[in-house]
Amino acid sequence: MIRLTDVFKVYANGTKALKGVTFTLNTGEFAFLVGPSGSGKSTIIKLLTGEVAPTDGQVVVNGYDMERIRMSKMPYLRRTIGVIFQDFRLIEGKTVFENVAFAMRVVGASNKEIRQRVPYVVELVGLENKINAKPDELSGGEQQRVAIARALVNNPSLIIADEPTGNLDPARSLEILLLLQKINELGTTVLIVTHEKPLVDRLSMRVIAIDGGRIISDGMDGYYNYEVE
Amino acid sequence: MKWSRNRTGYYLKEGVSSIFNHSLMSFASICIIIAFLLIMGSFILLAVNINDIIGGLEDENIILAYIDEYLSEFEARALGAELARTANVSRVNFITREEALERFIGRHEETGRFADVDPTWLRHRFEVFVEDIAFISDTLHEMRTIYGIERVNANLTVARALVSVRTIVTGISVVIIAVLLAISLFIMSNTIKLATYERREEIAIMRMVGATNSFIRWPFITEGFILGFLGSMASYAVLWSLYGIMAGRVYNFEAFFINLVPFSVVSVPVFFLFAAIGFGVGVGGSGLALNKYLKV
């Protein structure tokens, strides 16, 4: 669950990235966060993952208050979140299995747990035949599927995808979005940051639009409304 | 943090693979540790040998305290307790006039020339042994203040020279060890920095999926530990071998009047010292290098 209440963020150089952002994403919800470059989308992602702290207001992620959380607790918050990036961020030289297993190893899973869980998640994203392939042997779409598998493998309650289809062609982009929708149907909260209108419109899900550091619309088909305004 | 064999295996595997991935820097790190420890070990062995020679001199009778000639033997002997209480005195040995004369005659081949010498021409005396030759001047000064001690003799030239050499060697050792330690830490830190820089993406991913700082740190610490351990053990073996060869040559060279202290005498403390420094440089260097990557 995500709850932002009247959140302001001013960076050290004086840039006012967020100016009173308020929204809530309940457990099991699926939403797009859309907006042009510099609108504040990335700042919201950084706030949610604990990379930056809010200047004012309250950010609560999976029960953790991001203003009060101790640094020693940050890893434990992050274990409840699966993050997917535009550039996949896979480890070169490690196979699909190892890349996914890596996230489990970080949280202290045993070899037995890893051997059981990783093939299941890799199959879930449709890469069971490429489990021993390395990232440079995979297409962009396949690499993003590996990144999704890695985000899923620790069974997080929240998935945050930062422009997950930015490096993919339209067909592969739709596949990825449908995969994330499927994951959401299994009970995981999903927040996707994107600016790809056709894809957003295609799924007809909740859309939170941000511009100039403010939420300008929030609702079903919100992206369409945002463009009209 | 829950510790497991599984995790230890992971740290070890990552540490070892990183050493091979940066083989040149790893080799440089090991070499600098070897150089550092060899130089430090050489100074330690030099200091040990100088101390051994000085210790030998301390065991020789280098102080003679002559007793006032008007004191009887009984009164002269009684001064022994007071002399023994003097700071830095380890033990005293009373020598009567007669014994002194016997020794004197014994040191000369033409003993007949001294047949008519009267022992009363000589004084009763004490041989005084000191604990540390470096403080012998203070000891002599204090002994002279004792009532009944007429004169105190000590041949200080060699002792002072050796003490000076020991002081100089110690001073130079401390400076060189400090400089080399700093250089070793710097090199080790840079090796680990290079490893962390190449793996910064991996570290960022680790953080993003919820790795604790210790989980991120341990593979690098393991790498530093292995490098430090290899360097220290290699330098220990080289030092032992070189010293053994040198000690053998000194022993066979009859013109030398000294024998080097056997390596076995210092082997255990030097082993632990080297291991500790190897560990400290390896692990300390890793810790210094990693700090900036663990702040968020």
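## A tour of chain A: sheet, helices and the side facing chain B

Select strand S1 (residues 2–10) and strand S4 (residues 56–61) of chain A: the two run antiparallel and are joined by five bridges. For one pair to centre on, pick A:Thr5, whose bridge partner in S4(A) is A:Gln58. The model on display is a predicted one.

Keep S1(A) and add strand S2, residues 16–25 of chain A. S1(A) and S2(A) are antiparallel, with seven bridges between them. A:Ile2 has A:Leu25 of S2(A) as its bridge partner. Now move to the turn: S1(A) and S2(A) make a hairpin with five residues between them. Within that turn, select A:Gly14, where phi is positive, at about 95°.

Next, go back to S4(A) and add S5(A). These strands pair in the antiparallel sense through two bridges. A:Val60 is bridged to A:Asp65 in S5(A).

With these strands shown together, in what order do the four strands of the open sheet lie? The order in chain A is S2-S1-S4-S5, with antiparallel pairing. S2 and S5 (64–65) of chain A are at the edges and have a single partner strand each, so one side of each lacks a neighbour in the sheet.

Now add helix H1, residues 41–49 of chain A. H1 packs on the sheet and touches S1, S2 and S4 of chain A. The direction of H1 makes about 115° with that of S1(A).

Leave the sheet and select two other helices of chain A, H3 and H5 (residues 140–152). Their axes lie 8 Å apart, and the helices pack at an angle of about 30°. Angles under 35 degrees count as roughly parallel, and H3(A) and H5(A) are therefore roughly parallel to each other. Their crossing is right-handed.

Show side chains at this contact. From H3(A), select A:Val96, A:Asn99, A:Val100 and A:Ala103; from H5(A), select A:Val146, A:Ala149 and A:Arg150. By class, the residues of this contact are five nonpolar, one polar and one charged.

Finally, bring chain B into view. How many residues of chain A are in contact with chain B? There are 16, and they meet 15 residues of chain B. To find part of this side of chain A, select helix H2 (74–78) and helix H3 (96–106), each of which supplies at least two of its residues. Coloured by class, the side of chain A that touches chain B shows seven nonpolar, four polar and five charged residues. H3(A) is thus a stop on two legs of the tour: H3(A) packs with H5(A), and H3(A) also supplies residues to the side touching chain B.

Definitions and conventions. Residues are numbered from 1 along each chain as its sequence is written. Chains are lettered from A and ligands numbered from 1 in the order in which they are written. This is a predicted model: local features need pLDDT of at least 70, side-chain atom pairs count only at pLDDT 80 or more; totals for chains, interfaces and linings use all residues. Two strands pair if DSSP finds at least two bridges between them. Two residues are in contact if their C-beta atoms, placed from the backbone, lie within 7 Å. Ala, Val, Leu, Ile, Met, Phe, Trp, Tyr, Cys and Pro count as nonpolar, Asp, Glu, Lys and Arg as charged, and the others, Gly among them, as polar. Axes are lines fitted to C-alpha atoms, for helices over the stretch in contact, and angles run from 0 to 180 degrees between N-to-C directions. Angles under 35 degrees count as roughly parallel, over 145 as roughly antiparallel, 65 to 115 as roughly perpendicular and the rest as oblique. A crossing is left-handed if the near helix is turned anticlockwise from the far one by less than a right angle, and right-handed if clockwise.
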